[in-house]
Amino acid sequence: RTAGPTGRSIVLVGLMGAGKTTIGRRVASRLGLPFVDADVEIERAAGCSIADLFANYGEAEFRKGERRVIRRILDDRPLVLATGGGAFMDPATRAVIRVHATSVWLRCPLPVLVRRVQGRTHRPLLNQGDPREILAGLMEIRHPVYAEADLIVDCGDENVDQSAGNVISAL
Ligand code: S3P
C-alpha cells in the first residue's frame, strides 16, 4: 500500500494522554505509511522544546507555528500525523486538516488520561495545577470540537494493537 485505505493522510486528534503518538505510530506501520508527530516537528523547526515555546512566546504564537508546521507536513505525501491536543481547536488548523486528511478523534475517558499523563512534566498546560482538574476542564471545552472530526474511535483501556485496529477498521 502506498496510502491509507482512503488514499488520504490520517490525522489523530484528542486530548493529551489519549495515545495519539503511540497509536498513530502503530497505525502507520500497519498501513505502511510514514508517521509524523507534529509536536516533534514543531520542536525541530523552532529549535527548542514546546515548554520553552510556551514560556518564551506564549500559547497564541505557539498555535501559529503549529499551524504552519501542520500545513507543511500535510502538503507532502499521505502519512499518519499525530497532532498536539490543542491543534484541532484552532479553526484555521482545523480547516487545513479538513482539506488534506481524514481526521480521527481518539476519545478517551478522563481517568485513563489522568493516569497516562501522571509524572510527565513536558506538557506546559498540565503544570499549572491539578492535572485531573485541568484535563476535566479541557474535556468540557474541547470535546464538542473534537466531535467535528471525520471519525471517532474510543480508546480507553484497549492495548495499542487493538486501538490501532479500531482506527484502521473505522477508515
Ligand atoms: C497541548 C498538547 C500537547 C502539546 C502542547 C499543548 C494541548 O501535545 O502540543 O503541550 O493544548 O493540548 P499532546 O496532546 O501530544 O500531549
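Buried means under 20% relative accessible area. The exercises below use a predicted model.

**Exercise 1.** Classify Phe54 and Phe62: buried or exposed?

*Solution.* Start with Phe54. Its relative accessible area is 15%. The cut-off for buried is under 20%, so Phe54 is buried. Now take Phe62. Its relative accessibility is 6%. Phe62 therefore counts as buried.

**Exercise 2.** Find how many aromatic pairs the whole structure has, and classify each one.

*Solution.* The search finds 2 aromatic pairs. In one of them, Phe54 and Phe62 have ring centres 4.8 Å apart and planes at 45°. Planes under 30 degrees apart would be stacked, and over 60 edge-to-face. The Phe54 and Phe62 pair is therefore tilted. Next come Trp105 and Tyr146. Their centres are 5.8 Å apart, with 50° between the planes. This pair is tilted.

**Exercise 3.** Describe the residues around the ligand: which come nearest, and what classes make up the shell?

*Solution.* The ligand has 13 residues around it. Lys20, Asp39, Arg63, Arg123 and Arg142 come nearest. Sort the shell by class: 5 residues are nonpolar, 3 are polar and 5 are charged.

**Exercise 4.** Work out the polar distances from the ligand to Asp39, Arg63 and Arg123, then its cover and its site.

*Solution.* Take the side chains in turn. An N or O atom of the Asp39 side chain is 2.8 Å from a ligand oxygen. For the Arg63 side chain, the distance from an N or O atom to a ligand oxygen is 2.7 Å. A polar side-chain atom of Arg123 is 2.5 Å from an oxygen of the ligand. Next, the cover. On its own, the ligand has 390 Å² of accessible area, and the protein covers 95% of it. Last, the site: the ligand sits in the largest pocket.

Terms used:
Residues are numbered from 1 along each chain as its sequence is written. This is a predicted model: local features need pLDDT of at least 70, side-chain atom pairs count only at pLDDT 80 or more; totals for chains, interfaces and linings use all residues. Side-chain values use heavy atoms; hydrogens and water are left out. A residue is near a molecule or strand if one of its heavy atoms lies within 4 Å of it. A polar contact is a pair of N or O atoms within 3.5 Å; within protein, one must be able to donate a hydrogen and the other to accept it, and residues adjacent in sequence count only if both atoms are side-chain atoms. Accessible areas come from the Shrake-Rupley method with a 1.4 Å probe; for residues, only the protein chains shown count as cover. On a 1 Å grid over the protein atoms alone, a cavity is a set of points where a 1.4 Å probe fits but cannot get out, and a pocket is an open set with protein on both sides within 12 Å along at least five of seven lines; lining residues have an atom within 4 Å of a point. A molecule sits in a cavity or pocket if more than half of its atoms lie within 2 Å of its grid points. Ala, Val, Leu, Ile, Met, Phe, Trp, Tyr, Cys and Pro count as nonpolar, Asp, Glu, Lys and Arg as charged, and the others, Gly among them, as polar. Rings of Phe, Tyr and Trp (its six-membered ring) pair if their centres lie within 6.5 Å; planes under 30 degrees apart count as stacked, over 60 as edge-to-face and the rest as tilted. Buried means under 20% relative accessible area, exposed over 50%, partly exposed in between (1.4 Å probe, protein chains only).
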